[in-house]
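Hi,

Here's the structure I promised to send over. Have a look at it first, then read on for what turned up.

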Amino acid sequence: MATIKGPLSDDARNTVAECLQGALVDLIDLSLVGKQAHWNLVGTHFRSVHLQLDQVVALARTHMDTLAERAVALGINPDGRAATIAKATKLAQLESGWLEDGKVVATITDCLGGVSKRMYERIRQTEEADPVTQDLLIAAVQEIDKQHWMFQAMT
Ligand SMILES: [Fe+2]
């Protein structure tokens with residue numbers, strides 16, 4: 001079996017592993033919550049919220065892949081299994097059935113704010129451990145904050 005050895009020390013790798021796994025959980029669940037809302041949405045603002053939600057899903061999918069592949073390049077195994085995400089997620093969960101647009105905007109605003117806050121913490125933690133990972137986290141949070149602004153503007 002191949003062994004992937006990255007450039008980091010054991011300590012640095014452990015720090016980065018925790019940050020990347022946390023970011024992966026956040027982004028995978030953000031993509032799931034985003035699609036659930038995209039599909040079950042109802043209300044006067046259906047069209048704009050429906051389309052905006054797919055932008056959130058797209059950014060979550062793009063950055064989850066970049067971050068998971070950074071993990072692998074460092075010899076860290078990303079865990080994107082459904083059971084792992086369900087157990088570890090900190091995102092607010094949507095109810096089943098139809099979802100009113102106002103409630104969706106509030107929930108997604110809350111989710112984006114939470115993900116952003118945790119990303120900034122990870123950015124701080126990876127400063128010394130791995131600036132390359134930090135750079136990828138910065139790129140992700142820039143888009144998350146942009147969406148957070150747009151969803152706040154809808155409330
Ligand atoms: Fe769609």
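Let's start with Asn-40, which sits in helix α1. Keep in mind that this is a predicted model. Is Asn-40 buried or exposed? Its relative accessible area is 18%, and because buried means under 20%, Asn-40 counts as buried. Leaving aside residues up to four places away in sequence, Asn-40 touches Gly-97, Trp-98 and Leu-99. You can also find His-50 from there: Asn-40 and His-50 are ten residues apart in sequence, and their C-alpha atoms are 9.2 Å apart in space.

Now for the helix pairs. Two packed helices are described by the angle between their axes and the distance between those axes.

Take α1 and α2. Their axes come within 8 Å and cross at roughly 155°. Angles over 145 degrees count as roughly antiparallel, so that is what α1 and α2 are to each other. Their crossing is left-handed. Sorted by class, the contact of α1 with α2 has 15 nonpolar, five polar and four charged residues.

Then there's α1 with α4. Here the axes come within 10 Å and cross at roughly 165°, which makes α1 roughly antiparallel to α4. α1 passes α4 in a left-handed crossing. Who meets whom? On the α1 side, the residues include Ala-12, Val-16, Cys-19, Leu-27 and Leu-30; on the α4 side, they include Val-104, Ile-108, Cys-111, Leu-112 and Met-119. The residues of this α1 with α4 contact divide into 15 nonpolar, four polar and three charged.

Next, Arg-47, which is found in helix α2. Its relative accessibility is 57%, so Arg-47 counts as exposed, the cut-off for exposed being over 50%. Arg-47 and Asp-101 are 54 residues apart in sequence, yet their C-alpha atoms are 9.8 Å apart in space.

Last up is α5, residues 131–154. How far should its 24 residues span? At 1.5 Å a residue, the expected value is 34 Å, and the end C-alpha atoms are 35 Å apart, which agrees. Try finding the buried residues of α5 on your screen: among them are Leu-137, Ala-140, Val-141, Ile-144 and Phe-151, along with Thr-133, Gln-134, Gln-147 and His-148. What covers these buried residues? The cover includes α1 (10–40), α2 (46–73) and α4 (101–129).

Cheers

Note on methods
Residues are numbered from 1 along each chain as its sequence is written. This is a predicted model: local features need pLDDT of at least 70, side-chain atom pairs count only at pLDDT 80 or more; totals for chains, interfaces and linings use all residues. Side-chain values use heavy atoms; hydrogens and water are left out. Helices (H or I, at least four residues) and strands (E, at least two) are DSSP runs, numbered from the N terminus. The expected span of a helix is 1.5 Å times one less than its number of residues. Buried means under 20% relative accessible area, exposed over 50%, partly exposed in between (1.4 Å probe, protein chains only). Contact means heavy atoms within 4.5 Å. Axes are lines fitted to C-alpha atoms, for helices over the stretch in contact, and angles run from 0 to 180 degrees between N-to-C directions. Angles under 35 degrees count as roughly parallel, over 145 as roughly antiparallel, 65 to 115 as roughly perpendicular and the rest as oblique. A crossing is left-handed if the near helix is turned anticlockwise from the far one by less than a right angle, and right-handed if clockwise. Ala, Val, Leu, Ile, Met, Phe, Trp, Tyr, Cys and Pro count as nonpolar, Asp, Glu, Lys and Arg as charged, and the others, Gly among them, as polar.
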